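Have a look at the model below and let's walk through it together. We'll start with the overall build and then zoom in on a few spots.

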Amino acid sequence: MTPFAHVTAGYLVTQAVDLINPSLGFNSPEIIIAGIFGANIIDFDVFLVKKPIEHRNTIFHTLIFWIGIFIFLFIIANFLNNQFITKLFLSFSLGIISHLFLDWYAARGKGVGGIRLLYPYSKKHFAIIIFGLITFLNRSFFLFLKIFR
Ligand SMILES: [Zn+2]
């Protein structure tokens, strides 16, 4: 996925939360920026590797690392007991989840994309590369649009 796609996803998760429950105030600039930042921080691992293509081999593209960060943020939010900071952490976490989902969903093939779902037990990159299924879902979606437009 490109940084532009991750920025868009980070923005959209905040807007989805705002649609579901507007009283949470997820349409504020600070919350949106936290979501966009979370959706892009994972790819900062591109600065930690020699070849940019290998950036998904770092701990940043693992599920276990971010679950640990979520638990850490949850503990800090509980300790601070500040609603605004809790919302910032939640938006940041949703941005991260959107990044992991997109990297998992949009992998282009073996070795190109995917995330390390089972790290540290396995260094394998997992992705939804069931091309037949994706084609089927995309065609069904566009057929759905044609029928109900
Ligand atoms: Zn990524």
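When we talk about helices here, we mean DSSP runs of H or I that are at least four residues long, while strands are runs of E with at least two residues. Keep that in mind for the stretch of residues 60-79: this span is 85% helix and 0% strand, and its end C-alpha atoms sit 26 Å apart. Residues 85-105 go further, with 100% helix and 0% strand, and there the end C-alpha atoms are 30 Å apart. Why pick these two spans? Both come from the UniProt record, an unreviewed entry, whose annotation "transmembrane region" covers residues 60-79, 85-105 and 126-148.

Now zoom out. This is a predicted model, so a word on confidence is in order. The average pLDDT of the protein is 88, and 91% of the residues score at least 70. Confidence is highest in α2, with a mean of 97, and lowest in α5, where the mean is 72.

As for the fold, the protein has five helices and zero strands, so reading from the N terminus you simply get α-α-α-α-α. The C-alpha trace spans about 45 × 45 × 25 Å along its principal axes. Out of 149 residues, 26% count as buried. Among contacts with a separation of 6 or more, 57% link residues that are 24 or more positions apart.

Where do helices meet? Take α2 (residues 29-41) and α4 (residues 83-105): their axes come within 6 Å and cross at roughly 35°. The crossing of α2 past α4 is right-handed. On the α2 side, the residues involved include E30, I31, A34 and F37, and on the α4 side they include K87, L88, F92 and H99. Sorted by class, this contact of α2 with α4 has nine nonpolar, seven polar and two charged residues.

Finally, let's visit a single residue, K146, which is found in helix α5 (residues 131-148). Is K146 buried or exposed? K146 is exposed, because just 8 other C-beta atoms lie within 10 Å, and a residue counts as exposed at 12 or fewer. To get a feel for distances, compare K146 with G113: the two are 33 residues apart along the chain, and their C-alpha atoms are separated by 31 Å.

Note on methods. Residues numbered from 1 in each chain as written. Predicted model: local features only at pLDDT ≥ 70, side-chain atom pairs only at ≥ 80, totals over all residues. UniProt positions renumbered as here; feature names shortened; annotations may be inferred. Buried ≥ 20, exposed ≤ 12 C-beta atoms within 10 Å, placed from the backbone. Axes fitted to C-alpha atoms, helices over the stretch in contact; angles between N-to-C directions. Left-handed = near helix turned anticlockwise from the far one by under 90°. Contact = placed C-beta atoms within 7 Å. Nonpolar A, V, L, I, M, F, W, Y, C, P; charged D, E, K, R; others polar. pLDDT = per-residue confidence, 0-100.
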